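Reader: I should like a close look at a single part of this chain, set out residue by residue and then placed within the whole. Please begin with one proline and work outward from there.

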Amino acid sequence: MRKNVEWRMYTKRADFRALGERLGISPVMARVLVNRGMSTPEAQERYLYGGLNSIPDAKRMKGIREAVSLLQEKLKEKKPIRIISDYDVDGVTSNYILYDGLKKLGAVISYDIPDRIRDGYGMNVRLVEEAYDDGIDTLLTCDNGVSAFEAVDRAKELGMTVIITDHHQIQDGLPAADVIVNPWQPLCEYPFKSICGAEVAYKLIRELAEAEGKPLSVTKYLDFAALGTVCDVMPLVDENRILVREGMRVMSDPENAGLRELLRVNDLLGSDISAYHLGFRIGPCINSEGRLSSAKEAMKLFLSEDPEEISRLAMDMKRLNDERKNATVRGVEQAVKIIEEEHLIEKDHVLLVRVPELHESLAGIVAGRIRERYYRPVIIFTKAEDKEGFLKGSGRSVEEYNLFEALTSAASHIEKFGGHPMAAGLTIREEEFSALAATLNEEEELTDADLTEKLFIDVPMPLYYVNLNLAEQLEQLEPFGTGNPKPLFAEKGLQLEDFRVFGGGRVGQLILRDGKGQRVFAKTFDVQSLNEDIKMWSEPNEYGKIGTYPKLDIMYRVSVNEFRGERSADCIIEHYRKCVE
């Protein structure tokens, strides 16, 4: 069973031609800009041309002045500081920013990263006591800490200083740390809350360096902050969009030798870097260490100055990521089989699936793929490797369902959990699985409309209108991602004349004829589904014969294709349906 998709049209109005002339862009671009909510001249100029100088002053973030002052004391007194981060990309990048920055400022500095299996998320008592035994005076967290009540209490019992930098939303009060820097904490006046842990770290180290009279260059650590932002799926709007756009420019020729090598082994060094490259090529290599090995290996890569070690670590990360990809494919196949055999789509709106053989670190990736396939809230459970009789789950949700609130209401069936409205992690006893599934599905109020994915068309536009100039203009809207989707266009009633497959079966090209008799072309990367649908929609015994194919409505995006030094515009199909005239 495939997910339901509803085509919708943006209906925002403006004088798009006049707007385009004022901004120096096409009316199509102007319309996309308005569709993204840029309704005032100031917002439009900021969206297109805003720079780092338009990002709010970091001093507006509650706790950052106090954190800088406290760190200055520790620097002066040469007190040993230990950074403790999360093990994902945001954790590793924020850890690197703070470690490298503090080291250059003369700090007595070390770092630690929890083991995903042994420790789970965030700072815990074991890590605190280990730091104390190592003579550490100050604990500095990044990308975690606001829920580490027990660990902070233990650190204070031992007489340690605790500085928390985090970006997660507050659940039940705040731990008794000396200082907390988090835009979500009460009374914080920082205007844009949805930043990642790496960006909080980036702001802190810049403020500290300035206070120490050693201000950083405008681009220092920008690439790492951008990487953390994209990989932690932060909304690419407002300051995030500016920071990521500028960070991608820095990343095309990065200063850090480890990052350069990671780009090289992924055939990206010297290329124009996009948010796609960060989220689906570079980020997963770093994440694979935290998932299948140790995130400390990624830190070693970024901190190493030995060319041989850098080369080995980068290749190991790519190899491990390739293994993760294969394991993920198997996990998705297993989950789909369970869903189909148990008819879960017909029974439940919230899908809870046990995939016993899946490595627990891959559950979130598989949940995301299943959510994309069915457009349902999904929680994938695996056996907890560190606790007999327990399951660990990772959930991904849809816009209409607040997963964090749902888990809060079902907390009696859960040992521990944390997360966001769209993503969460949890641990349960095996015997609670059925009860949790029943509770979540009894309490949800999702309608069929809620479980229908809405795709919004920016402009109904004939394919023949697409050219390289338009494709290059649309590139100015990068980075695309959460909160800033790729522009979508549509044309109805296209006669499919032929369908060809190339690229080893991975790419399909549709040869179409529009209502004016013009031949136009589009590509798809979902060859199997399109082939099955064309076969189903063709007349009996006529499949494969020229002239017997159906008419299609096409929803597509526009991209620039580079091949052997030549640039051209491509129309890439995002969705399609049989035309009903």
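Author: The part to begin with is P550, which is found in the loop between helix 20 (527-537) and strand 17. The model is a predicted one. P550 has a relative accessibility of 7% and therefore counts as buried, since buried means under 20% relative accessible area. Setting aside residues up to four places away in sequence, P550 touches L494, Q495, L496, I534, W537, S538 and K578. Two of these partners, I534 and W537, carry numbers within helix 20 (527-537). L494, Q495 and L496 fall within the range of strand 14 (residues 489-502). As for distance across the model, P550 and P80 are 470 residues apart in sequence and 70 Å apart in space, C-alpha to C-alpha.

Strands 14 and 17 meet again in an aromatic pair. F489 in strand 14 (residues 489-502) and Y556 in strand 17 (residues 551-563) are 67 residues apart, and their pair links distant parts of the chain. The arrangement of F489 and Y556 is tilted, with 5.8 Å centre to centre and 40 degrees between the planes. Both F489 and Y556 are buried.

Before strand 14 comes another proline with a notable backbone feature. P479 is placed in the loop between helix 19 (468-474) and strand 14. A cis peptide bond joins E478 and P479, with omega at about 0 degrees. Most residues other than glycine have a negative phi, and most peptide bonds are trans.

Two residues depart from the usual sign of phi. Y221, although not a glycine, has a positive phi of about 70 degrees. Y221 lies in the loop between helix 8 and helix 9 (222-231) and is buried, with a relative accessible area of 4%. Y221 also belongs to an aromatic cluster, formed together with Y96, F224 and F302. D267 is the other residue, with a positive phi near 60 degrees. D267 sits in the loop between helix 11 (257-265) and helix 12 (275-292), and D267 is exposed, with a relative accessible area of 66%.

Aromatic contacts are found elsewhere as well, for the structure holds eleven aromatic pairs. One of them joins F381 and F433 edge-to-face, at 5.5 Å centre to centre and 85 degrees between the planes. F381 lies in strand 8 (residues 378-383) and F433 in helix 18 (residues 433-443), so the pair ties together parts that are 52 residues apart in sequence. F381 counts as buried, with 0% relative accessibility, and F433 likewise counts as buried at 11%. The ring of F433 has a further partner: the charged end of R354 sits over this ring, 4.3 Å from its centre. A comparable arrangement involves K387, which lies over the face of F390 at 4.8 Å from the ring centre.

The nonpolar interior may be considered next. In soluble globular proteins, nonpolar side chains tend to be buried together. Here the largest nonpolar core has 77 residues, of which I97, L102, L262 and I286 touch the most other members. Helix 8 supplies the largest share of this core, eight residues. L102 touches L75, I83, A107, I109, L140, I205 and L208, when residues up to four places away in sequence are not counted. A second, separate core has 42 residues, among them V28, M29, V34 and V520.

A buried glutamine lies in the loop that leads to helix 8. Q185 is found between strand 6 (179-181) and helix 8 (197-211), and with 5% relative accessibility Q185 counts as buried. Apart from neighbours within four places in sequence, Q185 is in contact with K62, I170, L174 and I180. Q185 and K62 are 123 residues apart in sequence, yet their C-alpha atoms are 7.8 Å apart in space. A polar atom of the Q185 side chain lies 3.2 Å from the backbone oxygen of K62.

These details belong to a chain with 20 helices and 18 strands. Of its 581 residues, 55% count as buried. Among contacts between residues at least 6 apart in sequence, 65% join residues at least 24 apart. The C-alpha atoms fill a box of roughly 80 × 60 × 50 Å along the principal axes. A compact globule of 581 residues would have a radius of gyration near 25 Å, and the 25 Å of this chain agrees with that.

Conventions: Residues are numbered from 1 along each chain as its sequence is written. Side-chain values use heavy atoms; hydrogens and water are left out. Helices (H or I, at least four residues) and strands (E, at least two) are DSSP runs, numbered from the N terminus. Buried means under 20% relative accessible area, exposed over 50%, partly exposed in between (1.4 Å probe, protein chains only). Contact means heavy atoms within 4.5 Å. A polar contact is a pair of N or O atoms within 3.5 Å; within protein, one must be able to donate a hydrogen and the other to accept it, and residues adjacent in sequence count only if both atoms are side-chain atoms. A nonpolar core is a set of buried Ala, Val, Leu, Ile, Met, Phe, Trp, Tyr and Cys residues joined through side-chain atoms within 4.5 Å. Rings of Phe, Tyr and Trp (its six-membered ring) pair if their centres lie within 6.5 Å; planes under 30 degrees apart count as stacked, over 60 as edge-to-face and the rest as tilted. A charge sits over a ring if NZ of Lys or CZ of Arg is within 6 Å of the ring centre and within 35 degrees of the ring normal. The radius of gyration is taken over C-alpha atoms; the globule rule is 2.2 Å times the number of residues to the power 0.38.
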